[in-house]
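Welcome, and please take a moment with the chain shown here before reading on. The notes below are meant to be read with the viewer open.

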Amino acid sequence: MEAEGISRDGIAEAVRRPSDDEDNEVVLEENVPSYEVLASRNQPRVSGKICIEVKVRDSEATEKWPLDAFVDEDGCFTDETVCQWVNNWNDKAAKFPDNKRVCLMCSRRAKKGFTICGHCSNKGLNDIIYG
């Protein structure tokens, strides 16, 4: 006599049959819009913040996303290309500290040898940009 839910082979039938709940699950990766970061020598600014030009794969239009749109809750960059750009900007600022720069996160002057200003550094953005 077979136990309920177990076949003759000893394998549970639940493993063989997909449950109805699996078909109704929401997959988060499908909800995230896929995009392509466009490389450009000059990055535009909107209301003082540096923006990254992005082409959403579903449309042909390019959009300007602020730099903090690529930062997750933990303070890490979500896009590898944007992270490399920020690291490159930080390296150049450290290498040439006497050049005047504008803060990446606002329109104030950046501190000497850095890419963000003192105001943004006090707001905790220092950990994101240099973390």
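What follows is a short tour of confidence, a strand pairing, two loop residues and a pocket.

Let us begin with how far to trust the coordinates, since this is a predicted model. The mean pLDDT of the chain is 78, and 75% of the residues score at least 70. Among the elements of the chain, helix 4 has the highest mean pLDDT, 93, while helix 1 (residues 13-16) has the lowest, 39. Over residues 1-22 the pLDDT stays under 50, and for this stretch the model has 10 contacts beyond four places in sequence. Where pLDDT is low, the predicted coordinates should not be read in detail.

Next comes the strand pairing. Strand 3 (residues 49-56) and strand 4 run antiparallel and are joined by five bridges. One pair to look for is I52 with W65, its bridge partner in strand 4. The two strands form a hairpin, with five residues between them. The loop between strand 3 and strand 4 holds S59. Is S59 buried, partly exposed or exposed? With a relative accessibility of 29%, S59 is partly exposed, because this value lies between the 20% and 50% cut-offs.

On the other side of strand 4 (62-66), the loop that leads to helix 4 (80-95) contains F77. The relative accessible area of F77 is 17%, so F77 counts as buried, the limit being under 20%. Which residues does F77 touch, leaving out those up to four places away in sequence? They are L67, F70, V71, V82, C83, V86, I128 and I129.

Both loop residues can be paired with a residue farther along or back in the sequence, as the table shows.

| Pair | Separation in sequence | C-alpha to C-alpha distance |
|---|---|---|
| F77 and I129 | 52 residues | 9.0 Å |
| S59 and Y35 | 24 residues | 9.7 Å |

I129 thus appears twice for F77: as one of the residues it touches, and as its partner in the table.

Finally, have a look at the largest pocket, which has about 500 Å³ of space. Of the 16 residues that line this pocket, R41, Q43, I50, W89 and K92 are the closest to its centre. Helix 4 gives the largest share of the lining, with five residues. By residue class, the lining consists of seven nonpolar, five polar and four charged residues. Helix 4 is therefore worth a second look in the viewer, as the element with the highest mean pLDDT and the largest share of the pocket lining.

Methods. Residues are numbered from 1 along each chain as its sequence is written. This is a predicted model: local features need pLDDT of at least 70, side-chain atom pairs count only at pLDDT 80 or more; totals for chains, interfaces and linings use all residues. Side-chain values use heavy atoms; hydrogens and water are left out. Helices (H or I, at least four residues) and strands (E, at least two) are DSSP runs, numbered from the N terminus. Buried means under 20% relative accessible area, exposed over 50%, partly exposed in between (1.4 Å probe, protein chains only). Contact means heavy atoms within 4.5 Å. Two strands pair if DSSP finds at least two bridges between them. On a 1 Å grid over the protein atoms alone, a cavity is a set of points where a 1.4 Å probe fits but cannot get out, and a pocket is an open set with protein on both sides within 12 Å along at least five of seven lines; lining residues have an atom within 4 Å of a point. Grid points are joined across faces, edges and corners, and a volume is the space filled by probe spheres set on the points. Ala, Val, Leu, Ile, Met, Phe, Trp, Tyr, Cys and Pro count as nonpolar, Asp, Glu, Lys and Arg as charged, and the others, Gly among them, as polar. pLDDT is the predictor's confidence in each residue, from 0 to 100.
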